[in-house]
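This briefing looks at how two bound ligands are held by the protein, beginning with a metal site and then turning to the surroundings of a second ligand.

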Amino acid sequence: MRSAKDFFAPLAVGAPTPVTEVPARPSRMIHFFDPSNPKMAAKVPDMVGVSDVLLGNLEDAVVADKKEAAREGLVQIAKDVDFGEHTQLWTRINSLDSPWVLDDLTRLVTEVGDQLDVIMVPKVQGPEDIHYIDRILAQLEAKGGVQRPILVHAILETARGMANVEEIAGASPRMQGISLGPADLAADRRMKTTRVGGGHPGYLVRQDPAKGLDGAPDYTGERSVFQQDLWHYTIARMVDACAMHGIFPFYGPFGDIKDTVACEDQFRNAFLLGCVGAWSLHPVQIEIAKKVFSPTAEDVAHARRVKEAMPDGRGAVMIDGKMEDDASFKQCMVVLELAERLSANDPELATMYEEA
Ligand SMILES: CC(=O)SCCNC(=O)CCNC(=O)[C@H](O)C(C)(C)COP(=O)(O)OP(=O)(O)OC[C@H]1O[C@@H](n2cnc3c(N)ncnc32)[C@H](O)[C@@H]1OP(=O)(O)O
Ligand SMILES: O=CC(=O)O
Ligand SMILES: [Mg+2]
């Protein structure tokens, strides 16, 4: 562990100074595209301003013989496309034990380092992986003359990464956030699922049997079942680790593209638990994330009323029959700050909140 006094010092001569606070930029959806897929790549310019984050994926879902094409495609996109002020460009590099990662980092940082906001690192096992990335990024930033530090986002998708999540979150001032990677995590944990995120009909609780006429349980009667959330523990723990270190938690992929209803539910669970965004794998998921990860007009209106009733955030008042005090005031401030930040980039949202 570095001492507190040199935590924010650059890790290579000539590298930019690390940030002391992670910028809170709108990141409701991290939209994945494969830069080696000409159809997807061609859509990137039109998605600027539509998606908060566009991520050129180099890892899983890109076949081995397309790895170089994906890397070069992303370099070209970063050079050609103006991402403007409101859309960030991220990449997901190959895993640290893969034959591609060193070239991913070297090529991208030295060639288009100033265009890249965040590098997502898959299968992070512990703080040592972030320390490795931290140092090599500093060396490459110095070599490429990169002006601002590239931030790092870890995917939580191994049991060991899960066990080390707090240390991962605090491993470097570059840490921007963490995403849950439910597909790899399920495999690594040896869960018996075959899906990319979301729930499972077999993971449920069943109502107790009613009593029969003889007072004994009637095991033949109808009983309600309630599907449970496979990811509750993991997301909640990730959210705490991120909040503790001032970085941002995200839900990852939802693979059932056609099930837009369950996708919205999964995203909303993550939002309510504290996540700021989720991955979008298909254009249809961008709108779902935008809807879910923007506070509702109703919540914004309520938060404003609480703020008006308690201008200094202290005391206790009744609003619509409910007690509000310092703690609910703070929750309202979280909602209002997010609404303000999002509406600064989104005139439609700004109008919706004005009219709320
Ligand atoms: C567990 C993990 O690691 S998850 C992260 C890794 N996985 C990914 O990144 C997957 C990204 N997404 C995809 O590859 C695709 O969306 C798929 C394979 C899921 C579905 O693709 P398709 O069957 O082509 O979907 P569909 O036919 O509905 O596509 C409609 C159009 O949207 C385009 N499109 C689909 N996905 C995307 C995308 N992510 N970004 C941009 N455009 C896209 C298609 O190219 C197609 O274009 P066209 O109308 O010009 O032909
Ligand atoms: O990379 C994401 C995952 O779910 O695995
Ligand atoms: Mg994965």
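In this predicted model, the magnesium ion (ligand 3) is coordinated at 2.1 Å by Glu157, through OE, and by Asp184, through OD. The two residues are 27 apart and join distant parts of the chain, with Glu157 in the loop between strand 5 (151-156) and helix 5 (159-163), and Asp184 in helix 7.

**Exposure of the two metal-binding residues**
- Glu157 counts as buried because its relative accessibility is 3%, which falls under the 20% cut-off.
- Asp184 has a relative accessibility of 24% and therefore counts as partly exposed, a class that lies between 20% and 50%.

**Polar contacts of ligand 2**
- An N or O atom in the side chain of Glu157, which also coordinates the magnesium ion, lies 2.9 Å from an oxygen atom of ligand 2.
- Backbone N or O atoms also approach oxygen atoms of ligand 2, at 2.8 Å in the case of Asp184 and at 3.1 Å in the case of Pro182.
- Ligand 2 taken alone exposes 190 Å², and the protein buries 94% of that area.

**The shell around ligand 2**
- The residues surrounding ligand 2 are Arg92, Glu157, Gly181, Pro182, Ala183, Asp184, Pro253 and Trp279.
- Sorted by class, this shell has four nonpolar residues, three charged residues and one polar residue.
- Helix 7 (residues 182-189) gives the most to the shell, contributing three residues.

Definitions and conventions
Residues are numbered from 1 along each chain as its sequence is written. Chains are lettered from A and ligands numbered from 1 in the order in which they are written. This is a predicted model: local features need pLDDT of at least 70, side-chain atom pairs count only at pLDDT 80 or more; totals for chains, interfaces and linings use all residues. Side-chain values use heavy atoms; hydrogens and water are left out. A residue is near a molecule or strand if one of its heavy atoms lies within 4 Å of it. A polar contact is a pair of N or O atoms within 3.5 Å; within protein, one must be able to donate a hydrogen and the other to accept it, and residues adjacent in sequence count only if both atoms are side-chain atoms. Accessible areas come from the Shrake-Rupley method with a 1.4 Å probe; for residues, only the protein chains shown count as cover. Helices (H or I, at least four residues) and strands (E, at least two) are DSSP runs, numbered from the N terminus. Ala, Val, Leu, Ile, Met, Phe, Trp, Tyr, Cys and Pro count as nonpolar, Asp, Glu, Lys and Arg as charged, and the others, Gly among them, as polar. Donors are N, O and S atoms within 2.8 Å of the metal (3.2 Å for Na, K and Ca); water is not among the atoms, so sites may look incomplete. Buried means under 20% relative accessible area, exposed over 50%, partly exposed in between (1.4 Å probe, protein chains only).
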